[in-house]
Amino acid sequence: YKGGRQWATDNVRTAGQPAKLIIKSDSSTIRADGEDLAFVSVAVADQNGTLVPHSDAALQFSVTGPAEIVATDNGDATDHTSFQSPERKAFNGLALAIIRAKPDANGGSIVVKVASAGLPQASATIQIAR
C-alpha cells in the first residue's frame with residue numbers, strides 16, 4: 001500500500017509434478033545473415049503451467065529447417081556440459097537454446113523442438129527474413 005491505496009499484489013503458487021514443457025522464442029523472425037540469433041527458452045511446468053523450480057529434467061533440443069543450434073545453457077555454473085551440446089539438463093526448471101539461421105537460407109521457417117522423457121514434446125516456429 002502507498003498512501004492508503006493498494007499499489008501492488010503478488011501470488012505464490014506451489015508447483016505440482018512436471019507435466020509439460022513451455023517453449024518461447026524471443027524473436028518470431030530472424031535474418032539469415034549468420035549473425036542474427038533467436039534465444040529460445042524452455043520451462044518445465046506442471047499441468048497448470050506453473051514453473052517446477054526443482055526440476056532438472058534432461059532436455060533434448062533439435063531444429064528443422066535451414067538453421068543450427070549455436071549453444072544451449074541452463075545458468076548452472078557447475079554444469080560442465082559443452083555449450084554446443086543439443087542436450088542439457090534444466091536448472092531450476094529452466095534451459096535455453098540459441099538458434100541461428102544458416103547464411104544461405106532463402107526465407108522459410110525454423111522449427112525448434114524440445115523433448116524430455118515422460119513429457120510431451122514442445123516446439124516453437126521462427127520465420128527467416130529474406
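**A chat about a nine-strand protein**

Reader: Hi! Where does aspartate 36 sit?
Author: Aspartate 36 is in the loop between β2 (29-31) and β3. Strands here are DSSP runs of E with at least two residues, helices are runs of H or I with at least four, and both are numbered from the N terminus.

Reader: Anything I should know about the model before we go on?
Author: Yes, it is a predicted model, so local features need pLDDT of at least 70 and side-chain atom pairs count only at pLDDT 80 or more, while totals for chains, interfaces and linings use all residues. Residues are numbered from 1 along each chain as its sequence is written, and side-chain values use heavy atoms, with hydrogens and water left out.

Reader: Back to aspartate 36, then. Is it buried or exposed?
Author: Aspartate 36 counts as buried because its relative accessibility is 16%. The cut-offs are under 20% relative accessible area for buried, over 50% for exposed, and partly exposed in between, using a 1.4 Å probe and protein chains only.

Reader: And what does aspartate 36 touch?
Author: Apart from neighbours within four places in sequence, aspartate 36 is in contact with Thr29, Ile30, Arg31, Ile99, Arg100 and Ala101. Contact means heavy atoms within 4.5 Å. A polar atom of the aspartate 36 side chain also lies 2.8 Å from the backbone nitrogen of arginine 31.

Reader: Cool. How many helices and strands does the protein have?
Author: There are zero helices and nine strands. Along the sequence, that reads β-β-β-β-β-β-β-β-β. The C-alpha trace spans about 60 × 40 × 30 Å along its principal axes.

Reader: Which strands pair with β7?
Author: β3 (residues 37-45) pairs with β7 (residues 94-101) in the antiparallel sense over seven bridges. Strand β5 (residues 67-73) also runs antiparallel to β7, with six bridges joining them. Two strands pair if DSSP finds at least two bridges between them.

Reader: Could you point me to some residues I can find on screen?
Author: Sure! Between β3 and β7, valine 42 stands opposite alanine 95, and alanine 38 stands opposite isoleucine 99. For β5, the partner of alanine 67 is alanine 101 in β7. β3 is also joined to β1, by six bridges in an antiparallel arrangement, with isoleucine 22 partnered by alanine 43 of β3.

Reader: What's in the largest nonpolar core?
Author: That core has 26 residues, and Leu21, Ile23, Leu59, Ile99, Ile110 and Val114 touch the most other members. β1 (20-25), β3, β4 (58-64), β7, β8 (109-116) and β9 (119-129) each supply at least two of its residues. β9 gives the largest share, five residues. A nonpolar core is a set of buried Ala, Val, Leu, Ile, Met, Phe, Trp, Tyr and Cys residues joined through side-chain atoms within 4.5 Å.

Reader: Which residues does leucine 21 touch?
Author: Beyond its neighbours within four places, the contacts of leucine 21 include Val42, Leu59, Val114, Leu119 and Ala122.

Reader: New topic: what's up with the phi of asparagine 92?
Author: Asparagine 92 has a positive phi of about 55 degrees although it is not a glycine. Most residues other than glycine have a negative phi. Asparagine 92 is in the loop between β6 and β7, and it is partly exposed at 43% relative accessible area.

Reader: How far is asparagine 92 from aspartate 76?
Author: They are 16 residues apart in sequence and 8.8 Å apart in space, C-alpha to C-alpha. Aspartate 76 is in the loop between β5 and β6 (87-89). Its side chain makes a polar contact of 2.6 Å with that of threonine 78. A polar contact is a pair of N or O atoms within 3.5 Å; within protein, one must be able to donate a hydrogen and the other to accept it, and residues adjacent in sequence count only if both atoms are side-chain atoms.

Reader: Last one: what lies over the face of tryptophan 7?
Author: Lysine 2 does, at 4.0 Å from the ring centre. A charge sits over a ring if NZ of Lys or CZ of Arg is within 6 Å of the ring centre and within 35 degrees of the ring normal.
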